[in-house]
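I opened the model to look up a few helices, some buried side chains and some backbone angles, and I kept notes as I went.

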Amino acid sequence: MFNEKISIIVPVYNGEKYLEQCLDSLVEQTYTNIEIICINGSSNDNSLKILNQYAKIDSRIKVITRENKGVSISRNEGLNVATGEFILFVDADDWIEKNTCEIVLQEFLRNKTDIVMWSYIREFQNNSQPKKIFDYDRIEYSENDVKQLHRRFIGLIGKELEKVENADALCPVWGKLYKREIIEEYRIRFIDIRDIGTYEDGLFNLEYFAHVKKAVYIQQYLYHYRKDNPASITSKYKE
């Protein structure tokens, strides 16, 4: 039996509409040795009230309120206070399956890997669409194979271009379990989106995968990515 702690980092800004569904999916995890770090970016809706209500009931929830400086800075704040051996990122308008932590941590420890990745479901207003990142149920990547994964964060080549819709499928930091030891040893942090506009997840992964010697992908749809939220960063125009 394993008992390693997972730090779940949740940036929150005006997320009252979906926040409870997100938090419910976290506090009801079948694996209980977790801490849920919620970085509230000075929300002006009921987000902070909701967070504080959950924190009163579940001591694993830590609520930190800061000036709203964007998702990158919020995630960095979470990394700065995380105490778990592993890091999991979840966005406040998304949610995860209740056995996610148990499944991915077991996979991580069994294979002595540096990262575990999994598939997700795109949640639209009227339907759900599973997103298959790779064509296999399970893949173990050795050090040489990891170099090709690392390169994918720059772009697709060769036969990969036959499925150009997968160009950014690997980029998000959600849908992955990271080793905090690697993040801290190499001081990997997110670049401020106010400086780069977008691709903060891709740049983080570019840095992280430079130090990965083994990776595992499992085709299990454990993350639910909401695509019908007009307030999300990916829905906004960036000059």
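I began with what the buried residues of helix 3 pack against, and found strand 1 (6-12), strand 2, strand 4 (86-89), helix 6 (180-185), helix 7 (193-196) and helix 8. I note here that this is a predicted model. The buried residues of helix 3 are Val-71, Ser-72, Ser-74, Arg-75, Asn-76, Glu-77, Gly-78 and Leu-79. That makes eight of its 11 residues, so I wrote helix 3 down as largely enclosed by the rest of the structure.

Next I looked at how helix 3 meets helix 8. The axes of helix 3 (residues 71-81) and helix 8 (residues 200-209) come within 10 Å of each other, and they cross at roughly 40 degrees. I therefore recorded the two helices as oblique to each other. On the side of helix 3 the contact is made by Val-71, Ser-72, Arg-75 and Leu-79, while helix 8 brings Glu-200, Asp-201 and Phe-204. Sorted by class, this contact of helix 3 with helix 8 holds three nonpolar residues, one polar residue and three charged residues. I then checked helix 8 for burial and found it mostly covered, with eight of its 10 residues buried. The buried residues of helix 8 include Glu-200, Asp-201 and Phe-204, and also Tyr-208 and Phe-209.

My next entry concerns the largest nonpolar core. Which of its 70 residues touch the most other members? I found that they are Ile-6, Ile-8 and Val-10. Strand 10 (residues 215-226) gives the most to this core, with seven residues. I followed Ile-8 further and, setting aside residues up to four places away in sequence, I listed its contacts as Leu-26, Ile-34, Glu-35, Ile-36, Ile-37, Leu-88, Val-90 and Cys-101.

Glu-35 caught my eye in that list, and I turned to it next. Glu-35 lies in strand 2, and I counted it as buried because its relative accessible area is 3%, where buried means under 20%. What does its side chain make a polar contact with? The partner I found is the side chain of Ser-7, at 2.5 Å. A polar atom of the Glu-35 side chain also lies 2.7 Å from the backbone nitrogen of Thr-83. Beyond residues up to four places away in sequence, Glu-35 touches a set of residues that includes Lys-5, Arg-60, Lys-62, Val-81 and Gly-84.

I then went to a second charged residue, Arg-226, which is found in strand 10. Is Arg-226 buried or exposed? At 10% relative accessibility, Arg-226 counts as buried. A polar contact of 2.6 Å joins its side chain to that of Gln-21, and a polar atom of the Arg-226 side chain lies 2.7 Å from the backbone oxygen of Asp-93. Leaving aside neighbours within four places in sequence, I listed the contacts of Arg-226 as Tyr-18, Gln-21, Asp-93, Asp-94, Trp-95 and Glu-123.

While in strand 10 I also looked up Gln-219, which has its place there. With a relative accessible area of 17%, Gln-219 is buried. Its contacts, not counting residues up to four places away in sequence, are Ser-119, Lys-132, Phe-134, Asp-135, Tyr-136 and Asp-137. I also noted that Gln-219 and Ala-169 are 50 residues apart in sequence and 13 Å apart in space, from C-alpha to C-alpha.

I turned last to the loops, starting with backbone angles. Most residues other than glycine have a negative phi. Lys-112 has a positive phi of about 50 degrees although it is not a glycine, and I placed it in the loop between helix 4 (100-111) and strand 6 (115-123). At 73% relative accessibility, Lys-112 counts as exposed. Tyr-199, in the loop between helix 7 and helix 8, also has a positive phi, near 70 degrees. I recorded Tyr-199 as partly exposed, at 31% relative accessibility.

My final entry is Thr-32, which lies in the loop between helix 1 (19-27) and strand 2 (34-40). Thr-32 counts as exposed at 52% relative accessibility, where the cut-off for exposed is over 50%. From C-alpha to C-alpha, Thr-32 and Leu-156 are 38 Å apart in space, and they are 124 residues apart in sequence.

Methods: Residues are numbered from 1 along each chain as its sequence is written. This is a predicted model: local features need pLDDT of at least 70, side-chain atom pairs count only at pLDDT 80 or more; totals for chains, interfaces and linings use all residues. Side-chain values use heavy atoms; hydrogens and water are left out. Axes are lines fitted to C-alpha atoms, for helices over the stretch in contact, and angles run from 0 to 180 degrees between N-to-C directions. Helices (H or I, at least four residues) and strands (E, at least two) are DSSP runs, numbered from the N terminus. Angles under 35 degrees count as roughly parallel, over 145 as roughly antiparallel, 65 to 115 as roughly perpendicular and the rest as oblique. Contact means heavy atoms within 4.5 Å. Ala, Val, Leu, Ile, Met, Phe, Trp, Tyr, Cys and Pro count as nonpolar, Asp, Glu, Lys and Arg as charged, and the others, Gly among them, as polar. Buried means under 20% relative accessible area, exposed over 50%, partly exposed in between (1.4 Å probe, protein chains only). A nonpolar core is a set of buried Ala, Val, Leu, Ile, Met, Phe, Trp, Tyr and Cys residues joined through side-chain atoms within 4.5 Å. A polar contact is a pair of N or O atoms within 3.5 Å; within protein, one must be able to donate a hydrogen and the other to accept it, and residues adjacent in sequence count only if both atoms are side-chain atoms.
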